Amino acid sequence: MLIADAIAAPPSDWWAIAPQLVLGGTAVVIILMICVKRVDPGWNALVAAVGTVASGVFAWEQWRQVTTDANPRLAYSGMIAVDGFSAFLVLVVCVAAFLGVLLADQYFKREGIDRGEYYALLLFSACGMQFMAAANNLVMVFVALELLSICLYVLSAWNRDDSRSQEAGAKYLLLGAYSSAILLFGIALLYGGTGTTNLARMAEIFSENVTREPGLVLLGMVFVIVGLGFKIAAVPFHMWTPDVYQGAPTPVVGFMASGAKIAGFAGLFRVLETGLAAFEFDWQPLLVGLAIVTMLGGSILAIAQRDVKRMLAYSSIAHAGFILTGLASGTAAGVRGALFYLVAYVFMIAGAFGVVALLARRGERYTSLDDYRDMFRREPVLATVLAFFLFAMAGIPGTSGFVAKFAVFTGVADAHQWVLLTVGTVASVISAYFYLRLVVYMYMRPEVDEGEAQPAALPRVRWAPATVVALVLTVFFTIQLGILPQGLLDMAGKATLLF
Amino acid sequence: MDWFDSWALSLAVFIPVVGALVILAIPKAREYQIKVVGLVASIAALIVGIGILSRWNWDDGGYQFEVNKGWLSAIRSNYHIALDGISLPLFILTLVIVVLCIIYSWNHWPEPRSPKMLLFLILLLETGMLGTFVSLDLILFFVFFEVTLLPMYFIIGIWGGEQRIYASIKFFLFTLFGSAFMLVGFLALFFLSEPHTFDIVELSANGGAAAAVISSTAGLWIFAGLFLGFAIKVPMFPLHTWLPDAHTQAPTVGSVILAAILLKLGTYGFVRIALPILPQAAHSWAPWIGLLAVIGIIYGSLCCLAQTDLKRLIAFSSVGHMGFVMLGIATLTPVGINAAIFGMIAHGVVTGMLFFVAGSIHERYHTRDMSRLGGMLSSIPRMGGVFVLVAFASLGLPALAGFPGEFTSMLASFEPAGGLSQSLFRGFMIAAAVGTVLTAGYMLYMLQRVAQGEVPGEYAGHHLHDIEAPEYVSWTPLIVLTVALGIFPSLVFNVTNSSVVPMFEQIFHHAIGG
């Protein structure tokens, strides 16, 4: 029976995977372009940008349909889900990929490692992220995760003449392989406990109360959380993050920090809220603990960092903790907050790494805190933009960071989890310290202490149009989502998977 | 004039931020234009404020100029703003102080000189402060409350003295820490009260009936969270340690705004939010608040006696004066709250003025070390005279602004709200009275060192400028207010009382019950 099922080709439903097809197709087109004739990679970037926008249009149309006329549905024998959750996150991946493409062009030209294949890999990776967002089957989750991860391993090591970049790629590959193995083991255990890898079917089995092997299911659940915990860089599975973020080319980090996290969370949300919803009382305490150590760990460890990229790496860990908080609350408001947080985070982190990439100069030489001394006098606009993103990440009202944290905490308060709420707010205050410290360096510390030699003045940073567009977009949305967040909150509310 | 009634508050709140954005668009080199735009924006806001005063219904203790529009319907937070007798004086004071600060700065900008940035930050700060005073929604309140943080952080951190980085980060983290717990308290209020709402009016109606469903233990915890947020801002002993650093390091206008307005956000929060929404919890906490307030009065005064730095002394005197305000609040009586609001206004006018003069002294002597100052009355007699007048107002001389608030506050603690220990509060009153003596002591000691005596040898050959034109313009209104509030305290009491009495009727009838 199973074999017959597998052999009969499922009916094609191209519409269900249209955004993914467009991204993958664009990637293939870029490779073909390179095969035919090597042109200025800027053209490849242009094609990639157009591809992400087109994919976004399809995702938007999907979103419009599932939230208005058509009901959520499954496609390809339950492999793919087309619902508010998938369409929302597919759309967010498009944004992350679009920003990733825009921020890459200038950087790779400056570093002299500008090759068109970069954009193909980026799009394949984004395609994997989108499949992850839509995956309704554990096998699909795994395949999507591998697609996005393998591309990211290569991208991390893109600057092959730089030992730091090589190290980042190797570390990411090794630890990523471990986490994939753990995830796969968890999937196997879940299959053993339920006899299916289809998440919707799994939920049905549990609701019919015929769990034959609760031990296997619980063990599998823990392994899946651990495996995905690596991808979202939750403490204590975060060890790779600082090294990889510090070593990898900065635009890659910007894309990785936003996209891979979306995908990891998409998988986690889908598995826990659909497949393992019946085990909420088992995974919720786990997530509460994970969220607490992640928020505190990320915030406290970031204080010790002297390198801005490492500091932002720990900050992204702390953000993962805040997003986890929303899921851990187990309320619709919390999940809505977490989804809103993901969007706000994409803009903030992409923008911040975009500025850091510009300020690091050729060869990524200037990334330590001391290099940021008196940056406001040397690069007033970039310093102000970076300070703005830092304040947004610290959660100052008027920025999307505040609304995001607030929305998440609303869910936690709704669940009356006062300990988690208090720890969360304290962690956000702790994290404000290291964001502020960078602002202090940029605005309040003279370039050199008295008696030191004045360093040679660097030429002003030049701006490429694509970079300008990316930074304007990120700043705009960080403000807009901070002052008038209603629209996105409503969207996120329709995408929570909780009904 | 209907449009004015519904738009006036929004205009006053947001004109400064529009001015700030215009300033941002003007190139740095065109300094004169920048200054004019800054001044015009602040004066425009003040004119709207005067318009509000002219259309104010003085007999009505309820909310006026009310606007209630949807804002974040997803989290049920509204753009709900209005003024009543409690917030009106603070609102007007803010408008006035900012204009005066900009005039004062006209010809002397702190180093590193950048009028563009400083004015931008001051105007942004003004929007935050005004917004806090008009907000009637907890989230809106919180947003404005936090918006004031960043500009002040930059003002201290960029234009401050030697220890500016330490002082600015301390200021920022202390306040953020408090407001984090305040936010937890707000969220708890929302989810535990029935119906779920962030609206301050709804929450405090009928003596906090909406929040009355909250268990008394939870109420105590929520009040503790709000207390942390507000008490750090006030600041109350033992959470005050950021204040002397921030004040001493901040440039003159920063100190003035900090002392005159920002500290009041904390006490205002108690009166507007903590007390009316959670009267029972306030009742349980009141003895402790009173105790901390009295410790603050005594401790602040003793610290003042030990200071050598003029600005640091004035900063510690704020701890003492705000202690009187908190003592008034802790009595939970209409008299006490009236005293508290009067105390806020008086402290804003008087201490703001003290910081102005201290800044001008520092500019002339290039030191704030009181052992090196002296003889102001003979070298720069006019400024010396002003300084003496304001110092007397600060030590609570009758017929000057400092007296009515502190006197009434002690009067209120003679007869605290029903259920509070009379003997305890009378003990507080005696301690506070001792505090006024200490206050007189350190103020006179300060005058002796700074204003009287011989001009120190190191300044013998120098010509020191007496009061200059911008100083005249910016100080005159405050001096007039100092005298006027002392002679006619009813100027403020009449306005506040009309709103305080109805508020307390609700609390008494519904919650505390006599």
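## Close-up views of a two-chain model

The contact between the two chains draws on 31 residues from chain A and 33 residues from chain B. Everything shown in these views comes from a predicted model.

**View 1. Where chain A meets chain B.** Let us start at the interface. About 3100 Å² of area is buried between chain A and chain B, and carbon and sulfur atoms give 83% of it. On the side of chain A, the residues that lose the most area to chain B are A:F406, A:V429 and A:M444, which together make up 21% of what that side buries. Helices α17 (400–414), α18 (418–443) and α20 (486–494) of chain A each supply at least two residues of the side that touches chain B. Of the elements of chain A, α18(A) gives the most to this side, with twelve residues. Sorted by class, the side of chain A that touches chain B has 22 nonpolar, five polar and four charged residues. How many salt bridges does the rule find across the interface of chain A and chain B? The count is zero. Polar contacts between chain A and chain B come to three residue pairs, with both residues at pLDDT 80 or more.

**View 2. B:R164, a residue of chain B that touches chain A.** B:R164 is found in helix α7 of chain B, which covers residues 164–192. Leaving aside residues up to four places away in sequence, B:R164 touches A:M444 from the other chain, and B:I156, B:G157, B:I158 and B:Q249 from chain B. A:M444 has already appeared, as one of the residues of chain A that lose the most area to chain B. For a sense of distance, the C-alpha atoms of B:R164 and B:G229 are separated by 23 Å, with their positions 65 residues apart along the chain.

**View 3. Helix α2 of chain A and its surroundings.** This helix has 19 residues, running from 18 to 36. At 1.5 Å a residue it should span 27 Å, and its end C-alpha atoms are 26 Å apart, which agrees. Which residues of α2(A) are buried? They are A:A18, A:P19, A:Q20, A:V22, A:L23, A:G24, A:T26, A:A27, A:I30 and A:I34. What covers these buried residues includes α3 (41–67), α4 (84–111) and α5 (117–134) of chain A.

**View 4. Two salt bridges and a network in chain A.** Side chains of opposite charge can pair when their charged atoms come close. Over all chains, the structure holds 27 salt bridges. In one of them, the side chains of A:D13 and A:R73 meet at 2.4 Å, N to O. A:D13 lies in the loop between α1 (2–7) and α2 of chain A, and A:R73 in strand β1 (residues 73–75), so the pair ties together parts that are 60 residues apart in sequence. A:D13 counts as buried, at 18% relative accessibility, whereas A:R73 counts as partly exposed, at 28%. A second salt bridge joins A:E204 and A:R201, with the closest N and O atoms 3.0 Å apart. These two residues are three residues apart in helix α8 (residues 199–207) of chain A, so about one helical turn separates A:E204 and A:R201. A:E204 is partly exposed at 42% relative accessibility, and A:R201 is partly exposed at 37%. Elsewhere in chain A, salt bridges link A:D40, A:D105, A:K109 and A:D114 in a network.

**View 5. A buried salt bridge in chain B.** B:E471 and B:R364 form a salt bridge whose closest N and O atoms are 2.9 Å apart. The pair links distant parts of the chain, with B:E471 in helix α19 (residues 469–487) and B:R364 in helix α14 (residues 334–365), 107 residues apart. Are these residues buried or exposed? Both B:E471 and B:R364 are buried.

**View 6. B:S77 and its neighbours.** B:S77 lies in strand β2 (residues 77–83) of chain B. At 0% relative accessibility, B:S77 counts as buried. Its side chain makes a polar contact of 2.9 Å with the side chain of B:D137. Beyond residues up to four places away in sequence, B:S77 touches B:W71, B:L72, B:D137, B:I139, B:L140 and B:F198.

**View 7. B:P27 in a loop.** B:P27 sits in the loop between α1 (2–25) and α2 (31–54) of chain B. At 42% relative accessibility, B:P27 counts as partly exposed. B:P27 touches B:I34 and B:K116, not counting residues up to four places away in sequence. B:P27 and B:K116 are 89 residues apart in sequence, and their C-alpha atoms are 8.7 Å apart in space.

Conventions: Residues numbered from 1 in each chain as written. Chains lettered and ligands numbered in written order. Predicted model: local features only at pLDDT ≥ 70, side-chain atom pairs only at ≥ 80, totals over all residues. Heavy atoms only, no water. Helix = DSSP H or I, 4+ residues; strand = E, 2+ residues; numbered from the N terminus. Expected span 1.5 Å × (residues − 1). Buried < 20%, exposed > 50% of the residue type's maximum accessible area, 1.4 Å probe, protein only. Contact = heavy atoms within 4.5 Å. Buried area = accessible area lost by both parts, 1.4 Å probe. Salt bridge = Lys/Arg side-chain N within 4 Å of Asp/Glu carboxyl O. Polar contact = N/O pair within 3.5 Å; in protein donor to acceptor, adjacent residues only side chain to side chain. Nonpolar A, V, L, I, M, F, W, Y, C, P; charged D, E, K, R; others polar.
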